[in-house]
Amino acid sequence: MDLDRYVSELQTQLAATAEHGDEAARAVAEQLNAALDAAVRLMLLGVLSDVAGEITQQIAPGSVDVMLRGRDPHLVVTRPATAETDAPEVAAPAEPHDDTVTSRTTLRLPDRLKARVEQAAAEEGVSVNSWFVRAIAAALEPAARPATTRKTSNGERFTGWAR
């Protein structure tokens, strides 16, 4: 998605508005135009991220993510697996406490861990963001976790979660 046309349109409108003013107003408009590029791009990326988040909530377990390639955002749509494709079944996302408000968090991961997260998300057919939301919700809500049955070394079985 090319943001240049939106940034240029805003700069053109600012310049046209300044034409009705005096020389000082035109000078201020020129200075603002130079500074607008980064601010407008950041604002548009925020809008795209918010829209992608709202769409993701509506189409779960599918998702829409905004990825940057250079300076240009690209929308990545992950569709849920269907029975016809024989893809693995995707678990429904854990319900957040308040699904009307989302926030952005920067997370720094070691490269090896990031690669493992990306692989796990791909295997489940969800975006990395959706995978993190599910993993965090499962960690915070023990009732949402599936029980696991394990065998001990002496052949006994037990079911449940342990920390």
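**Surface patch, salt bridges and hairpin in the predicted model**

A nonpolar patch of about 400 Å² is formed on the surface by Met43, Val47, Val51, Ile55 and Ile59. The structure described here is a predicted model. Of the patch residues, Ile55 belongs to helix α2, which spans residues 23-59, and its relative accessibility of 36% places Ile55 in the partly exposed class.

The search for charged pairs yielded 4 salt bridges in the structure. In one of them, the side chains of Arg41 and Asp4 meet with an N to O distance of 2.1 Å. This pair links distant parts of the chain, since Arg41 lies in helix α2 and Asp4 in helix α1 (residues 4-18), the two being 37 residues apart. The partners also differ in their exposure class: Arg41 has a relative accessible area of 8% and is therefore buried, the limit for that class being under 20%, whereas Asp4, with a relative accessible area of 37%, is partly exposed. Arg41 and Asp4 are furthermore joined with Asp37 in a network of salt bridges.

Within helix α2, a salt bridge is formed between Glu23 and Arg26, whose closest N and O atoms are 3.2 Å apart. These residues are separated by 3 positions, about one turn of the helix. Glu23 is exposed, with a relative accessible area of 54%, while Arg26 is partly exposed at 23%. A further salt bridge is found in helix α3 (residues 111-124), where Glu118 and Lys114 are 4 residues apart, again about one turn of the helix; their side chains meet at 2.6 Å, N to O. In this pair Glu118 counts as partly exposed, with a relative accessibility of 36%, and Lys114 is likewise partly exposed, with a relative accessible area of 39%.

Strand β1 (residues 63-69) and strand β2 (residues 72-78) run antiparallel and are joined by 7 bridges. One of the residues involved is Ser63, which has Thr78 of β2 as its bridge partner. The two strands form a hairpin with 2 residues between them, and in the turn Gly70 adopts a positive phi of about 70°.

With regard to aromatic contacts, a search of the whole structure returned 1 aromatic pair. In this pair the ring centres of Trp131 and Phe132 are 5.8 Å apart and the ring planes stand at 70°, so that the arrangement is classed as edge-to-face, for which the planes must be over 60 degrees apart.

How values were computed. Residues numbered from 1 in each chain as written. Predicted model: local features only at pLDDT ≥ 70, side-chain atom pairs only at ≥ 80, totals over all residues. Heavy atoms only, no water. Patch = residues over 30% accessible without salt bridge, like charges linked within 9 Å, V, L, I, M, F, W, Y side chains within 5 Å. Areas by Shrake-Rupley, 256 points an atom, 1.4 Å probe, with all protein chains shown as cover. Buried < 20%, exposed > 50% of the residue type's maximum accessible area, 1.4 Å probe, protein only. Phe/Tyr/Trp six-rings, centres within 6.5 Å; stacked < 30°, edge-to-face > 60°. Pairing = 2+ DSSP bridges.
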